[in-house]
There are 2 protein chains.
Amino acid sequence: MTYCVGLLVKEGLVLISDTRTNAGIDNIACFRKLHLFEGPDRVVAISTSGNLSISQAVLGLLSEGFSNPETGETETLAKATSMFHAAQMVGQAVREVYRIDGPSLEQHNSNFDIALLLGGQIKGRRLRLFMIYAAGNFIEATADTPYLQIGEHKYGKPVLDRAVTHETEIYDALKIGLISMDSTMRSNLGVGLPIDVLVLRRDTLIPELNYRIGAEDAYFSDLRHRWSEALREAHLAIPKPPYKNGAKG
Amino acid sequence: MTYCVGLLVKEGLVLISDTRTNAGIDNIACFRKLHLFEGPDRVVAISTSGNLSISQAVLGLLSEGFSNPETGETETLAKATSMFHAAQMVGQAVREVYRIDGPSLEQHNSNFDIALLLGGQIKGRRLRLFMIYAAGNFIEATADTPYLQIGEHKYGKPVLDRAVTHETEIYDALKIGLISMDSTMRSNLGVGLPIDVLVLRRDTLIPELNYRIGAEDAYFSDLRHRWSEALREAHLAIPKPPYKNGAKG
């Protein structure tokens with residue numbers, strides 16, 4: 001399982017990914033799911049969820065290059081001229097892996113299960129955040145809904161729905177994303193530490209933060225504890241239901 | 001869609017169900033999903049999720065009676081001698097509906113989608129809470145995990161995981177269940193008001209509360225507002241991430 005969330009706020013981009021993979025409950029491992037492609041004129045980050053062999057194949061094609069069936073040209077992320085172009089390229093790479101591996105996976109009743117978050121900026125172009133589906137199509141985060149999630153997204157969605165807007169300060173967005181990750185980790189054992197985080201301010205082209213949160217991380221432990229305590233106090237502070245009418249007794 | 005949660009605490013049983021059904025996003029209706037079977041020696045409550053025709057057929061068999069294929073006797077919930085027996089009977093009714101409707105549903109590519117919560121007490125026997133699956137098998141809530149959910153369960157699970165134990169006071173359990181319902185309603189439009197709630201104290205055999213929360217309900221509106229405000233204050237009170245190391249800048 002996996003949980004990754006991307007937040008695109010006024011000041012910039014936040015990406016947060018867990019690192020746990022599992023092939024059955026008895027085969028759990030740690031793999032980095034947040035990948036950075038940097039160049040002098042670009043920062044492009046990709047988070048992946050789904051079948052690990054598919055996501056590694058997609059990343060392999062994007063860094064080593066693959067032939068565009070329409071133009072015959074070799075495509076790599078380093079050549080993308082905009083983030084929209086990069087999203088198209090990621091979609092093409094997903095379709096290429098499907099062409100190669102899809103039929104065999106189907107013969108073994110394995111779903112072609114993959115989703116990716118793509119965020120970043122190329123010099124002179126806009127900072128953008130996309131989610132790419134298994135069919136290679138994609139959607140983009142906007143000011144109305146400034147976050148996108150892949151993997152085990154439901155447990156951590158309520159806090160995002162309540163707290164994140166386009167105007168949210170970038171380190172608050174990181175904090176709320178970490179609370180969302182905490183909620184997911186508590187309810188799904190398939191999502192676990194360490195957590196990789198990326199903060200990229202708009203128009204800087206250099207990640208301000210590229211950090212791994214491990215099991216001993218004092219701030220994240222404190223966040224988890226404070227959030228738990230605050231929720232406990234919050235529900236204790238709400239009065240008990242006064243309902244009496246409709247009682248049959 | 002549906003969300004129902006049952007909580008079995010030391011003092012008794014709480015059941016909470018929404019009432020929204022949908023056949024596609026453009027066909028939304030309101031149906032009661034929390035059903036009460038009362039007798040002088042018993043209170044048995046059932047909440048349903050899944051295909052409405054299947055859950056109505058199951059409830060019909062349980063109240064009108066159906067032939068037990070193993071004994072040839074007519075089974076109705078009124079005849080159940082214990083809650084375990086009642087759970088077996090609900091499972092048999094689900095299997096009977098599958099026998100009648102399953103093949104036709106499959107021909108039309110409709111899943112046999114049904115799950116039920118069964119809670120209550122029969123005089124001289126224990127108050128218990130079960131979840132019955134589409135295959136007719138079932139599990140029971142215990143002191144370790146005193147709640148069971150059916151339908152859209154993920155959004156509302158984190159608050160239950162954090163806040164509910166077997167020792168939780170019964171109206172606190174109702175309150176936490178309503179917070180869980182609120183989180184679900186915010187994130188899934190397929191779950192909506194009104195909400196039906198039932199409170200049954202252990203060994204009383206009479207529901208203390210059998211109540212419908214509508215759109216104008218002052219307490220529930222206040223709970224939703226207070227919870228939102230408390231979450232907002234909670235995340236504002238957590239310090240911003242101090243992470244600086246690992247930065248590439």
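1. The note opens with a single residue of this predicted model. A:Ala78 lies in a loop of chain A, where that loop runs between strand 8 (74-75) and helix 2 (83-107). How many other C-beta atoms are within 10 Å of A:Ala78? There are 15 of them, and A:Ala78 is therefore partly exposed; to be buried, a residue would need 20 or more, and to be exposed, 12 or fewer.

2. The position of A:Ala78 can also be described by its distance to another residue of chain A. A:Glu64 stands 14 residues away from A:Ala78 along the chain, and the C-alpha atoms of the two are separated by 9.9 Å.

3. The next topic is a sheet in chain B. Five strands form an open sheet in the order 12-1-2-13-14, and the pairing is antiparallel. Its edge strands are strand 12 (147-151) and strand 14 (209-213) of chain B, each of which pairs on one side only. From one strand to the next, the twist averages 10 degrees. As general background, the strands of a sheet pair through backbone hydrogen bonds, either parallel or antiparallel.

4. At one edge of this sheet, strand 12 of chain B pairs with strand 1 (residues 3-9) of chain B in the antiparallel sense, over five bridges. Which residue of strand 12 is the bridge partner of B:Val5? The partner is B:Gln149.

5. A helix packs on the sheet as well: helix 4 (residues 170-187) of chain B touches strand 1, strand 2 (12-18) and strand 13 (195-201) of chain B. The direction of helix 4 makes about 20 degrees with that of strand 2 of chain B.

6. At the other edge, strand 14 of chain B pairs with strand 13 of chain B, again in the antiparallel sense and over five bridges. Within strand 14, B:Asn210 stands opposite B:Leu198. Is strand 14 of chain B mostly covered or mostly open? It is mostly covered, as four of its five residues are buried.

7. The final point concerns the contact between the chains, to which chain A gives 44 residues and chain B gives 44 residues. On the side of chain A that touches chain B, the elements giving two or more residues are helix 3 (157-163), helix 4 (170-187), strand 14 (209-213) and helix 5 (218-237) of chain A. Helix 5 of chain A provides the largest share of that side, with 11 residues. By class, this side of chain A consists of 24 nonpolar, seven polar and 13 charged residues.

Technical notes:
Residues are numbered from 1 along each chain as its sequence is written. Chains are lettered from A and ligands numbered from 1 in the order in which they are written. This is a predicted model: local features need pLDDT of at least 70, side-chain atom pairs count only at pLDDT 80 or more; totals for chains, interfaces and linings use all residues. Two strands pair if DSSP finds at least two bridges between them. Axes are lines fitted to C-alpha atoms, for helices over the stretch in contact, and angles run from 0 to 180 degrees between N-to-C directions. Two residues are in contact if their C-beta atoms, placed from the backbone, lie within 7 Å. Ala, Val, Leu, Ile, Met, Phe, Trp, Tyr, Cys and Pro count as nonpolar, Asp, Glu, Lys and Arg as charged, and the others, Gly among them, as polar.
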